[in-house]
Amino acid sequence: IKQYSKVPLNDANDIIEPVIKLQDILEQITMTTVRTHSALDLQDFFMDVTPEHISAYTNDVITAVHEQDISKLREMHSNNRTLQCCNRFGESIIHMACRRGAVK
């Protein structure tokens, strides 16, 4: 077993918590100390979901994201359409694009 973690592995059955493994990898890449925080402890980090965000989450925006139609999204933006939109659960179009594996 090639060991990349600072956490010593005694045998192949040792289990490392994913967050610790990720932290080790990030520290190796960035050569800095990485601190983690619980998302629930972050104050004023996430935007509040507003009725305006929900009403802007329309089928044409969703379709453009699903189809990775960047030119359509740019056209909407240039026509002053807000793309700061989300569903009632706070999932934005960025969340949707990431979940669907969008690469554009």
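**Warm-up**

Does Gln68 count as buried, partly exposed or exposed? Gln68 has 24% relative accessibility, so Gln68 counts as partly exposed. The cut-offs are these: buried means under 20% relative accessible area, exposed means over 50%, and partly exposed is in between (1.4 Å probe, protein chains only).

A word on the ground rules. This is a predicted model, where local features need pLDDT of at least 70, side-chain atom pairs count only at pLDDT 80 or more, and totals for chains, interfaces and linings use all residues. Residues are numbered from 1 along each chain as its sequence is written, and side-chain values use heavy atoms, with hydrogens and water left out.

**Exercise 1. Get an overview of the chain.**

Step 1: Start with the elements. The protein chain has five helices and zero strands, running α-α-α-α-α from the N terminus on. Here helices (H or I, at least four residues) and strands (E, at least two) are DSSP runs, numbered from the N terminus.

Step 2: Look at burial. Of the chain's 104 residues, 19% count as buried.

Step 3: Check how far contacts reach along the sequence. Take contacts between residues at least 6 apart in sequence: 41% of them join residues at least 24 apart. Contact means heavy atoms within 4.5 Å.

**Exercise 2. Test the length of helix α1, then see what follows it.**

Step 1: Helix α1 covers residues 18–30, which is 13 residues, and at 1.5 Å a residue it should span 18 Å. The expected span is 1.5 Å times one less than the number of residues.

Step 2: Compare with the model. The end C-alpha atoms of α1 are 18 Å apart, which agrees.

Step 3: Step just past the helix to Met31, which takes a positive phi of about 60 degrees, although Met31 is not a glycine. Met31 is in the loop between α1 and α2 (51–55). With 67% relative accessibility, Met31 counts as exposed.

Step 4: Go back to the warm-up residue. Gln68 also belongs to a loop, the one between α3 and α4. Phi of Gln68 is near 55 degrees, a positive value in a residue other than glycine.

**Exercise 3. Find the largest nonpolar core and zoom in on Val61.**

Step 1: Name the members. Twelve residues make up this core: Ala56, Tyr57, Val61, Ile62, Ala64, Val65, Leu73, Met76, Cys85, Ile93, Met96 and Ala97. A nonpolar core is a set of buried Ala, Val, Leu, Ile, Met, Phe, Trp, Tyr and Cys residues joined through side-chain atoms within 4.5 Å.

Step 2: Sort them by helix. At least two core residues come from each of α3, α4 and α5, and α3 gives the most, with four residues.

Step 3: Pick Val61, found in helix α3. At 0% relative accessibility, Val61 counts as buried. Leaving out residues up to four places away in sequence, Val61 touches Ala56, Leu73, Met76, Arg81, Leu83, Cys85 and Ile93. The C-alpha atoms of Val61 and Leu83 lie 7.9 Å apart, with their positions 22 residues apart in sequence.

Step 4: Try Ala64 too. Setting aside neighbours within four places in sequence, Ala64 contacts Asp69, Lys72, Leu73 and Met76.

**Exercise 4. Describe the two largest pockets.**

Step 1: Settle the term. A pocket is, on a 1 Å grid over the protein atoms alone, an open set of points where a 1.4 Å probe fits, with protein on both sides within 12 Å along at least five of seven lines; lining residues have an atom within 4 Å of a point.

Step 2: The largest pocket holds about 270 Å³ of space. Its lining includes Phe45, Phe46, His53, Cys85 and His95, and by class has six nonpolar, five polar and one charged residues.

Step 3: The second largest pocket has a volume of about 190 Å³. Ala64, Val65, Gln68 and Ala102 are among its lining residues. This lining divides into eight nonpolar, one polar and one charged, and its largest share, three residues, comes from α5.

Step 4: Finish with Ala102, in the segment after α5. Ala102 counts as partly exposed, at 28% relative accessibility. Not counting residues up to four places away in sequence, Ala102 touches Gln68 and Ala97. The C-alpha atoms of Ala102 and Val65 are separated by 8.4 Å, though these residues are 37 apart along the chain.

Note on methods:
Points joined across faces, edges and corners; volume = space filled by probe spheres on them. Nonpolar A, V, L, I, M, F, W, Y, C, P; charged D, E, K, R; others polar.
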